[in-house]
Amino acid sequence: MKMDAFDWVMLITLATVWGGSFLFNAILVAELPVITIVAIRVTVAALALWGFVRVTGRKIPTSPKVWGALLILGVLNNAIPFSLIVQGQTQITSGLASILNATTPLFTILVAGFFLTDERFSVLRVLGVIVGFSGVILMVGPEALGGLGADFWAQLCALGAALSYGFASVFGRRFRELKVDPVMVATGQVTMSSLVLWPIALWIDGPQDILGLSIKAAASMFGLAVLCTSFAYILYFRILERAGATNISLVTFLVPISAIILGVLVLGESIFIKEIIGMTLIGLGLAIIDGRLFQRLRD
């Protein structure tokens with residue numbers, strides 16, 4: 001499945017919006033525990049999306065099969081990765097978290113190759129995965145494998161989120177066959193994930209003083225829920241429907257650019273040379289996977 005100019009515009013817009021989510025997470029972890037942040041994020045996003053559904057008169061699915069699939073998608077695409085990313089950002093910078101999240105296309109290639117008939121393995125895709133993973137190993141650092149310290153587990157959380165996103169991208173393809181509106185897919189998944197997360201948040205984190213949040217944290221939560229979740233997932237499922245699982249996963253390589261810029265400008269974070277080289281290797285891996293650049297060079 002290929003992308004046209006309009007798909008690329010949507011993809012770049014989505015990457016810019018999602019880059020801000022790492023900044024908002026970094027602000028929120030100073031005032032709220034991990035699961036509570038994610039539960040509030042998906043709940044506010046669900047409320048905003050249900051309002052959009054009502055205003056636009058969208059058809060609401062009634063099939064138990066569809067809602068069961070939305071429950072699985074909500075866990076794979078929201079509950080697991082959101083929680084792992086926020087947990088990781090308690091130890092690592094927003095820039096590094098976004099770079100590790102850029103491995104999503106690599107995991108998606110592996111998952112899609114096994115499960116999707118129109119996104120099978122090829123020599124270029126396997127080579128791209130190898131090059132991309134070499135970039136990940138460079139960023140994490142061989143020394144982390146020896147010490148297994150706090151940073152290593154935080155980095156592993158970010159990689160676990162990328163793996164979950166890979167499964168979600170492949171699983172999300174079924175909603176095209178079920179003829180479910182992309183807006184309803186976005187609405188349904190955050191609704192179901194909020195139902196899953198709140199009992200866990202109350203059990204692990206306990207009741208929180210949400211009304212006592214600072215203005216900065218409250219604004220971050222609004223941006224995280226409405227911009228980085230509600231609006232972003234409308235774009236996400238539209239691109240997924242038009243261009244496929246592998247192409248939508250390319251957004252995670254573009255996300256670090258905005259995430260790093262925001263982290264440096266707003267939070268005063270640093271970016272190291274090994275992370276830049278690692279990100280370059282991931283980009284080269286993605287170019288190999290995409291294949292079009294090499295086709296033009298051959299031509």
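Let's start at W18, in this predicted model. Leaving out residues up to four places away in sequence, W18 touches R41, C228, A232, Y233, Y236, V251 and V255. Look at those numbers: R41 belongs to helix 2, where it takes part in the meeting with helix 3, and we'll get back to that one later.

W18 is also part of a bigger picture. The largest nonpolar core of the model has 69 residues. W18 is among those with the most contacts inside this core, along with L14, F175, Y233, Y236 and F237. Which elements give two or more residues to this core? They are helix 1 (5-28), helix 2 (34-56), helix 3, helix 4 (94-101), helix 8 (150-172), helix 10, helix 11 (215-243) and helix 13 (251-267). Helix 11 gives the most, with 12 residues.

Now step back and take in the whole chain. Its secondary structure comes to 15 helices and zero strands. Of the 299 residues, 54% count as buried. Try tracing the contacts, too: among those between residues at least 6 apart in sequence, 89% join residues at least 24 apart.

One of the helices giving residues to the core is worth a stop. Helix 4 is mostly covered, with eight of its eight residues buried. If you want to find them, they are S94, G95, L96, A97, S98, I99, L100 and N101.

Next, find the place where helix 3 (residues 64-88) packs against helix 10 (residues 182-204). Their axes are 7 Å apart, and the angle between them is about 70°. That angle is why helix 3 counts as roughly perpendicular to helix 10. The crossing itself is right-handed. On the helix 3 side, the contact is made by W67, L70, L71, L73, G74, V75, N77, N78, A79 and S83. Helix 10 brings M184, V185, G188, Q189, V190, M192, S193, V196 and L197. What kinds of residues are these? They divide into 12 nonpolar, seven polar and no charged.

Pick out Q189 from that list; its place is in helix 10. Is Q189 buried or exposed? Q189 counts as buried, because its relative accessibility is 0%. Leaving aside neighbours within four places in sequence, Q189 is in contact with L70, L73, G74, N77, N78, Y233 and F237. You've met Y233 before, since W18 touches Y233 as well.

Helix 3 has another partner, helix 2, and here the axes are 9 Å apart with an angle of about 135°. Helix 2 is therefore oblique to helix 3. This crossing is right-handed. From helix 2 come V34, I35, I37, V38, R41, V42 and W50, and they meet W67, N78, F82, S83, V86 and Q87 of helix 3. By type, the residues of this contact are nine nonpolar, three polar and one charged. And here is R41 again, the residue we left at W18: R41 is in this contact between helix 2 and helix 3.

Finish with L286, which sits in helix 14 (residues 273-290). L286 is buried, as its relative accessible area is 6%. How far apart are the C-alpha atoms of L286 and V131? They are separated by 8.7 Å, although these two residues are 155 residues apart along the chain.

How values were computed
Residues are numbered from 1 along each chain as its sequence is written. This is a predicted model: local features need pLDDT of at least 70, side-chain atom pairs count only at pLDDT 80 or more; totals for chains, interfaces and linings use all residues. Side-chain values use heavy atoms; hydrogens and water are left out. Axes are lines fitted to C-alpha atoms, for helices over the stretch in contact, and angles run from 0 to 180 degrees between N-to-C directions. Helices (H or I, at least four residues) and strands (E, at least two) are DSSP runs, numbered from the N terminus. Angles under 35 degrees count as roughly parallel, over 145 as roughly antiparallel, 65 to 115 as roughly perpendicular and the rest as oblique. A crossing is left-handed if the near helix is turned anticlockwise from the far one by less than a right angle, and right-handed if clockwise. Contact means heavy atoms within 4.5 Å. Ala, Val, Leu, Ile, Met, Phe, Trp, Tyr, Cys and Pro count as nonpolar, Asp, Glu, Lys and Arg as charged, and the others, Gly among them, as polar. A nonpolar core is a set of buried Ala, Val, Leu, Ile, Met, Phe, Trp, Tyr and Cys residues joined through side-chain atoms within 4.5 Å. Buried means under 20% relative accessible area, exposed over 50%, partly exposed in between (1.4 Å probe, protein chains only).
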